[in-house]
Amino acid sequence: MGKSRKSSRNKRPRSRPRAVSATQREPDALEQVFSAYDPDELWTLIFAAATSPGNRHRSVTLGSSFAAALRASAAPASDEYQPLPSIQALSDLAATIYGIGPAREDFIPTDPTRTAFLAVGSEPLRAVPGLTERPVADLTRALRMAEAVDGRLHRRFRFGIANVVNVAMRYGDLCVRHLADAWVPAPDLKLNDDVLLPDAEHEATRVFLNLDPLDHIELGEADRKALEWMTNSASEAVFDAESPSSPFGRFLRFGDSAGAFRWVPPLFIPEIMAHAVQELVSALDRDGHARRALRSSCLNQIRQALWRFSNSLIEAPPSSEGVDSPIRGIDVQWLVPVNPSTCIAVSVIHVPDLGSTPPPRIGSVELAKQMRSQSGPVSVRMGGGRQRTISPGAEVIPLTVFVAAGHIAVPQAVGEANLALEDLTWIAETATSDDDLYAFARDLSAPDFPESFGWEAINYWEPWKANGKSFFKGGVVPTAVYFEAHAGEAEWDRAVELSDLEMALLRVGLPPIRDLRAAEVAPGPVANVAVIAGDSRYDATRGVVTAPGVDGWSLALTEPPVAVARTSLEELSADHRRFVFDLCGGLIYGFAALGDRWRSAHQAIDVPGYVLYLHTSETVSGESTSVVTPYLAPHARAVDEPVNVLWRIDVEGFADSANGDPHAANLLTGDAVFDLLRVGGMDVEAAAALRDQWRTAKPFLILEMKQARTTLNHLPDPWRLRPSDESRMVAALGRRLHGAGVEPGEYRADDANRLIREHLAPLALETLMEGIRRHDVSEVVLTGMEQLARLMDSAIHQQDDLSRVAANLSTEWDPLTRTAELSAETLQLRQCNEIVVEAALRLLDAPAEAKPITPQAWSGLLAAADAYLTATTLSERMYHQVAPAVINLSPMYELAVDDDSHPDASAWGLRNDELSRAAASVRLYGTQDDDSLQQANEGDDVEGAFQQAWGGRRRRTCSPPSPLSQSGRRSSQAERPRTSPWPKQQHGYVTR
């Protein structure tokens with residue numbers, strides 16, 4: 001979505017045009033043609049065509065036609081009008097007169113039938129994407145600036161940014177409510193398609209345009225003043241297709257000579273709103289108080305986004321100095337710790353502060369260069385002019401954030417990572433790992449990153465994330481790269497996906513999505529969100545600001561929704577905290593499972609939603625002996641407020657009662673659900689019916705109490721192999737092949753094995769050894785053993801959970817598939833950790849560095865180990881002719897391994913997916929106690945899978961735990977050499 005029509009020319013200052021009568025200028029050719037038609041019928045036809053999803057590929061032509069029709073409507077009325085031609089004929093005429101060719105109609109906007117709900121104030125409003133690149137980001141930016149400067153704007157104009165947003169969004173919501181039902185989706189439009197208008201859309205538009213929008217949207221006095229400011233004379237209507245922000249400028253409606261008003265089609269609303277906001281902000285250019293408020297606002301927004309990746313930020317002490325002076329990127333505003341030896345240096349450029357000259361340097365970029373070129377400590381100038389020193393050897397990744405009053409596309413430069421504020425917030429919202437920002441900025445700012453062009457950073461982030469968190473996996477880096485535009489469509493896709501959550505949040509009194517730390521929707525439908533709670537804390541002695549806490553909430557996206565708080569869990573014991581966490585998750589699935597019965601039972605009562613707080617305590621003498629006791633909010637509930645109820649949970653009593661009984665949780669909470677409904681005003685009969693359904697529904701929580709075998713029952717999660725490190729390792733292999741002069745192409749059998757033996761396996765092993773030598777080798781061994789313990793602990797718990805789910809719960813996902821995935825993930829990570837440990841044992845007596853072992857560093861070791869494991873496994877497959885594979889080497893030296901579709905007749909085929917699912921079935925349905933990963937029943941599923949896949953019985957098949965356990969002998973058979981997992985060394989092998 002969004003225009004490719006981008007311009008670098010300076011924007012002209014805009015002021016409200018003077019009123020000019022239609023007689024003071026000559027009408028253009030299209031106006032003269034349009035003046036022969038009934039202006040109301042013409043307006044209806046072009047409005048309907050410009051609104052139709054099937055015509056969005058001709059937005060420039062239809063927008064120009066709409067402006068010409070507005071100007072023509074200002075001419076004196078005629079006694080007789082000609083019949084209207086087809087919309088195709090009118091648009092062809094406009095394109096011919098104005099010279100609108102394919103180069104002007106250069107993209108197809110997002111289908112408006114994919115509407116989203118966006119929060120404005122306390123109300124969710126329907127919206128369409130329009131023509132803008134980032135309509136959701138535009139709204140977020142506008143509301144942020146409204147909080148900063150609306151007080152100053154009201155003094156001057158009697159309205160502010162929030163009023164402009166309210167008018168535009170409410171009018172857009174009105175359009176969608178009245179027109180969307182008639183829209184015909186057109187998902188596969190092409191630029192050369194005809195302009196068509198379905199009769200249903202035309203008629204719906206006719207009915208809609210007979211309404212006065214002001215009769216159907218609620219506007220206050222300040223809103224009406226904003227609307228007046230966004231109104232122009234129809235005789236002055238202009239559609240500037242080359243405008244960098246809005247072809248219609250700030251004008252949302254146009255008045256004709258008879259005193260009536262004609263509003264623009266909804267397609268153009270997002271651009272008009274964003275442009276109007278920019279005009280208001282530019283009116284405060286000379287207001288020092290407003291400039292300081294805008295600087296402070298953008299710094300706060302950036303800080304909130306950075307807290308997604310680090311709970312603590314290094315910055316200068318809070319003071320007014322940072323916002324009194326222009327922010328031009330010269331200083332380093334923050335250091336974002338990634339690990340003890342790595343940080344991201346963030347500089348900020350407030351575009352209105354740049355003036356006509358660029359900054360002499362960018363602090364973050366200069367710091368990164370100094371760290372690479374100097375061996376001693378480096379002094380860095382922080383925001384406000386404070387100095388700080390960075391220890392030698394640290395890795396510093398530069399990041400520069402640009403902030404403006406409107407949408408900007410920030411160009412990239414070699415050695416830099418440049419983002420608009422909206423790009424940074426998008427990355428924070430969609431990142432899947434705490435080090436995603438580090439890895440992305442590291443790759444983008446790498447000195448060898450080629451010259452590139454991609455309009456804005458989201459066009460870099462989306463393909464990087466989809467490509468295994470890597471720009472290039474090949475061994476050849478291109479000399480220049482063009483990143484396709486309009487990746488910002490992902491932002492609208494997410495808004496559509498989260499629309500139900502947006503509405504639910506407002507109904508239960510929680511902040512909108514834009515103000516959350518995190519939000520995710522899962523099948524069910526259920527959601528989990530993290531709400532910022534409290535204030536940040538600044539430690540002056542360390543120069544560190546710590547992020548505010550977050551409260552977790554789980555929501556059932558029912559009608560009405562239910563929100564269950566996961567707050568104040570830190571004060572509980574580990575077991576109680578885990579119980580409450582699981583109970584919250586179970587409850588929302590329980591409410592969601594009621595589905596249509598829940599919805600229909602609430603049709604007769606007015607309840608926006610339910611908010612449920614859980615509190616753990618023992619049963620108090622003299623009170624109810626129930627393990628779940630509801631307590632009501634002490635104040636009376638207003639009609640538009642959600643129902644707030646607290647449940648006191650006797651954890652020990654609950655666990656004793658529910659132990660081993662899958663349906664116990666439903667029974668124990670049934671009466672509390674009944675009381676919850678009664679508080680909401682539901683009659684006894686309906687509430688009792690829902691309680692009965694709750695009690696007899698599928699279990700939502702299963703508890704099993706077991707005797708602990710060890711003191712530490714739940715270890716921390718193991719460190720994982722990160723996709724970015726895996727991609728970097730693959731690229732390193734490609735570089736090795738390119739440097740060795742290996743030709744691109746397909747490699748099979750002996751040729752593929754030779755490629756592995758001579759290049760891939762040795763490089764993977766060298767990389768692993770080099771990585772280990774950077775650390776204390778004994779610490780590597782200890783860390784590896786700890787990771788193995790964590791991995792098996794995590795896998796056992798997950799497997800047991802999956803077995804209970806498969807036996808008792810109804811899910812929208814397949815437990816068998818997830819079990820097979822878990823087994824594969826566990827095996828891969830276990831083998832990689834074992835390879836790292838064994839490699840480290842071989843280096844115990846070798847000199848090494850003493851860099852700290854961090855999750856990022858360990859992931860790099862795992863990536864090398866995984867490459868080595870893959871190489872040796874492929875070599876074994878080819879040697880034994882079991883499931884032969886083909887190594888594909890692209891012209892850019894990208895490596896890919898595929899099954900050989902034309903194997904030798906003597907080769908053994910292996911349908912590994914069938915074998916994995918059969919083994920997973922045994923684990924899932926034949927487990928006993930905690931030994932689910934070690935014990936398996938001798939079921940026929942595995943026997944049959946072996947028979948089908950291998951042509952033999954499993955007792956005659958031997959599979960070693962990993963390549964490390966095999967001998968280092970080289971096969972004496974010359975016809976099919978294979979890679980030895982390890983070169984012969986006097987240390988021997990580790991026995992497991």
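This passage walks through the predicted model, from the whole chain down to single residues.

Some ground rules come first. The model is predicted, so local features need pLDDT of at least 70 and side-chain atom pairs count only at pLDDT 80 or more, while totals for chains, interfaces and linings use all residues. Residues are numbered from 1 along each chain as its sequence is written, and side-chain values use heavy atoms, with hydrogens and water left out.

The protein chain has 28 helices and 26 strands; helices (H or I, at least four residues) and strands (E, at least two) are DSSP runs, numbered from the N terminus. Out of 992 residues, 53% count as buried, where buried means under 20% relative accessible area, exposed means over 50%, and partly exposed is in between (1.4 Å probe, protein chains only). About 44500 Å² of the chain is exposed, and carbon and sulfur atoms supply 50% of that; the areas come from the Shrake-Rupley method with a 1.4 Å probe, and for residues only the protein chains shown count as cover. As for contacts (heavy atoms within 4.5 Å), 74% of those between residues at least 6 apart in sequence join residues at least 24 apart.

Next comes the inside. In soluble globular proteins, nonpolar side chains tend to be buried together. A nonpolar core here is a set of buried Ala, Val, Leu, Ile, Met, Phe, Trp, Tyr and Cys residues joined through side-chain atoms within 4.5 Å. The largest one has 92 residues, and those touching the most other members are Phe34, Ile161, Val164, Val165, Met169 and Leu252. Helix H6 (residues 161-179) gives this core its largest share, 11 residues. Setting aside neighbours within four places in sequence, valine 164 is in contact with eight residues' worth of company, including Phe159, Trp229, Met273 and Leu280. Helix H13 (residues 421-430) is another hidden piece: nine of its 10 residues are buried, so the rest of the structure largely encloses it. Among the buried ones are Glu422, Asp423 and Trp426.

Aromatic rings get their own tally, with 30 pairs in the structure. Rings of Phe, Tyr and Trp (its six-membered ring) pair if their centres lie within 6.5 Å; planes under 30 degrees apart count as stacked, over 60 as edge-to-face and the rest as tilted. Tyrosine 460 and phenylalanine 471 form an edge-to-face pair, because their ring centres are 6.4 Å apart and their planes are at 85 degrees. Tyrosine 460 sits in helix H15 (residues 458-466), and phenylalanine 471 in the loop between H15 and strand S14 (480-482). Both of these residues, tyrosine 460 and phenylalanine 471, are buried. Tryptophan 461 and tryptophan 464 have centres 5.4 Å apart and planes at 25 degrees, so they are stacked. Those two tryptophans, 461 and 464, lie three residues apart in H15, about one turn of the helix.

Charges meet rings too; a charge sits over a ring if NZ of Lys or CZ of Arg is within 6 Å of the ring centre and within 35 degrees of the ring normal. Arginine 566 lies over the face of phenylalanine 581, 3.9 Å from the ring centre, and arginine 691 has its charged end over the ring of phenylalanine 674, at 4.4 Å from the centre.
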